[in-house]
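Q: I've got a structure with several chains on my screen and no clue how to read the places where they touch. Can you walk me through it?

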Amino acid sequence: MSTRTVIPMGPQHPVFPEPLQLKLSLKDEKIVDVAPALGYVHRGIEKAAEKNDFTQNVFLVERICGICSFIHAVCYCMAIEDIMKIELPPRANYLRVIWGELHRLHSHMLWLGLLADSFGFESLFMKFWEIRERILDILEKTTGARVIISACAIGGVRRDISDEHLQEILTVIDKCEKELNGIIPVVMSDTTVKRRTVGVGVIEKEKAIHLGIVGPVLRASGIAQDARMTGYGAYKYLDFKPVVEESGDCYARAVVRAKETYQSIGLLRKAINQLPSGDILTKYKGNPGKAAAVSRVEQPRGELIYYVEGNGTKNLERVRVRTPTFSNVPALSKMLPGMELADAPVIVLSIDPCISCTER
Amino acid sequence: MANFLGAVIENLFKKPATRPYPFTKREPFKDARGLIKFDGDKCVYCGACSKKCPAAAIRVERAEKALYFEPFKCVTCGFCVEVCPKDAINQEFEYRKPDYSKSIEKYGPSAVPAPAKTEAPPSQA
Amino acid sequence: MTQTDTQPQEKQFPVLEGAENITIDNLTARVKKLDEEGYRLLTATCLDRGEKYEIYYHFDKDLTMLHLRLLVNKEEEVPSLSLIYLCAFLIENEMKELFGVKFSGLFVNYGGRLFLGEDSDITPMLKCVDC
Ligand code: SF4
Ligand code: SF4
């Protein structure tokens, strides 16, 4: 039998939280070729950002992604602060780290849950999401909203976290850590999980750079690259070390993310202990001048880059967003061929696709 | 599966993690960003909120001293509350209830009964 | 940060600090060299400059960013980088679709229908002249 079958996977598929279509060409059960089809959720946010007032854009860019929304706002604000030469108060930098890491924590738990779901381990999925809910509660308590927290502003942050809430964050993450200790070993060492992930969707170190992959996927292929290493915001005071795995398969990606959840908990503790007191917002005047700036931060899914150019008015000349999934999607064309059709959901999920980010 | 056994046994004896909504409701958190209410008497119809609203949910008619608010466009960001010079905007902790139609609220000085739902579509929309 | 160029046409636009100017002719050679040195292609940014496109290619190595700045006339074809860096195909398809930049040698060609639907406007990111 050498006839090819083309199976469209998605745009509606149980493992995809968002609409992505992959046209998989199969020879029997083996995938031989893959063509990603995008365009189901393109919203033209880059264009809208040119038409809006630059202060309104903080709320607009948050809506690019529903999971790491705060980090989008941080990156945008960093670019504007660079153009306008705004110096942030130290407390604001730390608060951005705290909310950023809380976002990473809940995003990784969401992903670990989805991974369990993608190979049919429903009870593990529910467990992860139960823990994640506590993080969302703490986000709502401190900022007023669950995911799109709108806490970032140009020049700092919009809300302060009271000492009482800081204490509560510490208790919640302690509790989460204890609960995670009970279920992360399941992901790391269970035979069922390993059978489905080890050696699946491998990206070798040498190929990784040409495929342009970023974030946990790149780190799972043995390259220590994390935008937090640049020490933006308060990360320079937190002694950050990236998590790296060597094998480059789905299992390594799961391990990187599992370890990063613990790392985030550690960073949160450190940031809360070091948190300086003082102002949370620097006042600024005027509009961004005729200048351009590039800023980059680390999202749960990888490196996020903003190119922002002002033109002296309250509108911006250009806002370009390079989201992590946008650079991880091409890698699918190398991960999938040669694999079984049944592995496709796990592989696609292993890059943690965020399609709304990709298409903006 | 041995690793998961602990969690399985724990699950058997645990209370559910979810609430039987709508019979039990969680109190909204203090300082949650919920629905927006205007105070037609405090407002001076300066239009600052409508200029800053990222969702273009507010329209201020200065001449007729009226403020039209489209609650279903509002993204509850609270930016208008921050920019209002007269503290005429109040953000409650509760979320907005769903509705059958995307109504428009009209606010004005209290001589005009406020808030009243109007059918007149705002010209800007 | 604002550097004003001497040429009258570019005067009104800012240039990204530290960007290295390249032309269509030496683009491929320069990028090949960067590839050998172990740079990662982060992304490319396209800007509409009236008569021309301005394209920034952003690279990274050991947490230092490097930007290449390319100015091309709107009719000219830009050589595709997708044979050097595979990941460039998505970036270039996006530029092609949203700005109408012409690329030669695209590895995978979505034909201007990557994000946009069959009947939507083409090149929506270009600056609108009369609005
Ligand atoms: S809360 Fe935000 S979206 Fe809602 S009316 Fe105020 S500014 Fe507009
Ligand atoms: S609500 Fe406040 S900002 Fe809006 S028009 Fe009235 S006074 Fe001005």
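Q: Which chains share the most contacts?
A: This is a predicted model, so keep that in mind. Start with who touches whom: two pairs of chains are in contact, and chains A and C share the most contacts. Chain B and chain C have no contact, and their closest C-alpha atoms are 17 Å apart.

Q: Let's take chain A and chain B. How many residues are in contact?
A: On chain A there are 28, and they are in contact with 24 residues of chain B.

Q: And how do I put a size on that?
A: People often quote the accessible area lost when the parts come together. Here chain A and chain B bury about 2100 Å² between them. Carbon and sulfur atoms account for 47% of that. On the chain A side, Gln56(A), Glu140(A) and Arg158(A) supply 23% of the area buried against chain B, more than any other three residues.

Q: How many salt bridges are there between chain A and chain B?
A: Five. In one of them, the side chain of Arg158(A) meets that of Glu82(B), with N to O at 2.6 Å. There are also 18 residue pairs in polar contact across this interface, counting pairs with both residues at pLDDT 80 or more.

Q: Which elements of chain A give two or more residues to the side that touches chain B?
A: Those are α5 (122-143) and α6 (163-189) of chain A. α5(A) gives the most, with eight residues. Sorted by class, that side of chain A has nine nonpolar, nine polar and ten charged residues.

Terms used. Residues numbered from 1 in each chain as written. Chains lettered and ligands numbered in written order. Predicted model: local features only at pLDDT ≥ 70, side-chain atom pairs only at ≥ 80, totals over all residues. Heavy atoms only, no water. Contact = heavy atoms within 4.5 Å. Buried area = accessible area lost by both parts, 1.4 Å probe. Salt bridge = Lys/Arg side-chain N within 4 Å of Asp/Glu carboxyl O. Polar contact = N/O pair within 3.5 Å; in protein donor to acceptor, adjacent residues only side chain to side chain. Helix = DSSP H or I, 4+ residues; strand = E, 2+ residues; numbered from the N terminus. Nonpolar A, V, L, I, M, F, W, Y, C, P; charged D, E, K, R; others polar.
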